[in-house]
Amino acid sequence: MTGRLVLVTRPAAQAEATRAALAARGFQAIAAPCLVTEPAPGEALDLDGVAALALTSANGAAALAARTARRDIPVFAVGEATAAAARTAGFASVTVSGGDAAALAGLIAARVDPAGGVILHAAAAEAAADLAALLPGFAVRRAALYRMVPAAALPAEALAALDADRLAAVLF
């Protein structure tokens, strides 16, 4: 077994950043996403009456960008990676919270008037966070814009490394 080969199982969009970080530390990494992001079917989002957009993942930012041309509504992002995805998608006003749903809710509560409109939470179908519960007094609408599905198979390079017992670690 080599001591420097790592299998990265994160979804493709996040795996590349992890691979780069590992390479900077002297590791070779193989991307082998176990989950694939799949857009939810649906029409363009109606954002009339939306005061702010809440994003709890970079996948949510990409899915939101695919469902609306509007970039003028303030975005509140759970962390820097999510904020970067929103900025890359062209959203003009992006504010970053402390990295979890509770911090995101606190930031929204401090910066948005509850009477100003709906908070739209762009999320996965299986959202881990319930922003409505964390934002009492606010009208929160969750839009399930994508879902995570198991990958059909691992890449051949990953299977070969597993078969040859060449992996030092696997990141889940």
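Which residue is the bridge partner of Val8 in β2? In this predicted model, the partner is Ala31. That pair belongs to the contact between strand β1, residues 5-8, and strand β2, residues 28-31, which pair in the parallel sense over four bridges. Between these two strands the chain passes through α1, and the resulting β-α-β crossover is right-handed.

Val8 also has a neighbour in another strand, since it stands opposite Leu171 in β9. Strands β1 and β9 pair in the parallel sense, here over three bridges. Taken together, the three strands make an open sheet with the order β2-β1-β9 and parallel pairing. Its edge strands are β2 and β9, each of which pairs on one side only. From one strand to the next, the twist averages 25°.

A helix from later in the chain belongs to this part of the structure. Helix α6 lies across β1 and β2 and runs at about 120° to β2. The loop between α6 (156-163) and β9 (169-171) contains Asp165. The backbone of Asp165 has a phi near 55°, a positive value in a residue other than glycine.

There is another sheet to follow. Six strands form an open sheet in the order β3-β8-β7-β4-β5-β6, and the pairing is mixed. At its edges stand β3 (35-39) and β6 (94-96); each has a single partner strand, so one side of each is left without a neighbour in the sheet. Neighbouring strands of this sheet are turned by 25° against each other on average, with direction ignored. In general, strands of a sheet pair through backbone hydrogen bonds, either parallel or antiparallel.

Within the six-stranded sheet, strand β4 (residues 50-55) and strand β5 (residues 75-77) run parallel and are joined by three bridges. Leu55 has Ala77 as its bridge partner in β5. Two helices pack on this sheet. Helix α2, residues 58-67, touches β3, β4, β7 (118-124) and β8 (140-150), and its direction makes about 110° with that of β8. Helix α3, residues 80-88, touches β4, β5 and β6, and its direction makes about 175° with that of β6.

The helices lead on to the pockets. Which elements each supply at least two residues of the lining of the largest pocket? They are α1 (12-24), α2 and α3. The space in this pocket is about 200 Å³. Its lining consists of Arg10, Ala13, Gln14, Ala17, Ser57, Ala58, Asn59, Ala62, Ala81, Thr82 and Ala85. By class, these residues divide into six nonpolar, four polar and one charged.

The second largest pocket holds about 170 Å³ of space. Among the residues lining it are Thr56, Ser57, Asn59, His121, Ala123 and Ala124. The lining also includes Glu126, Ala127, Ala128, Ala129, Tyr146 and Met148. Here the elements giving two or more residues are the strands β7 and β8. Strand β7 gives the most, with three residues. The lining has seven nonpolar, four polar and one charged residues.

Ser57 and Asn59 appear in the linings of both pockets. The helices that pack on the six-stranded sheet, α2 and α3, each contribute at least two residues to the lining of the largest pocket. Strands β7 and β8 of that sheet contribute to the lining of the second largest pocket.

Terms used: Residues numbered from 1 in each chain as written. Predicted model: local features only at pLDDT ≥ 70, side-chain atom pairs only at ≥ 80, totals over all residues. Heavy atoms only, no water. Pairing = 2+ DSSP bridges. Axes fitted to C-alpha atoms, helices over the stretch in contact; angles between N-to-C directions. Contact = heavy atoms within 4.5 Å. 1 Å grid on protein atoms, 1.4 Å probe; cavity = no way out; pocket = protein on both sides within 12 Å on 5 of 7 lines; lining within 4 Å. Points joined across faces, edges and corners; volume = space filled by probe spheres on them. Nonpolar A, V, L, I, M, F, W, Y, C, P; charged D, E, K, R; others polar. Right-handed = clockwise from strand over helix to strand, strands pointing away.
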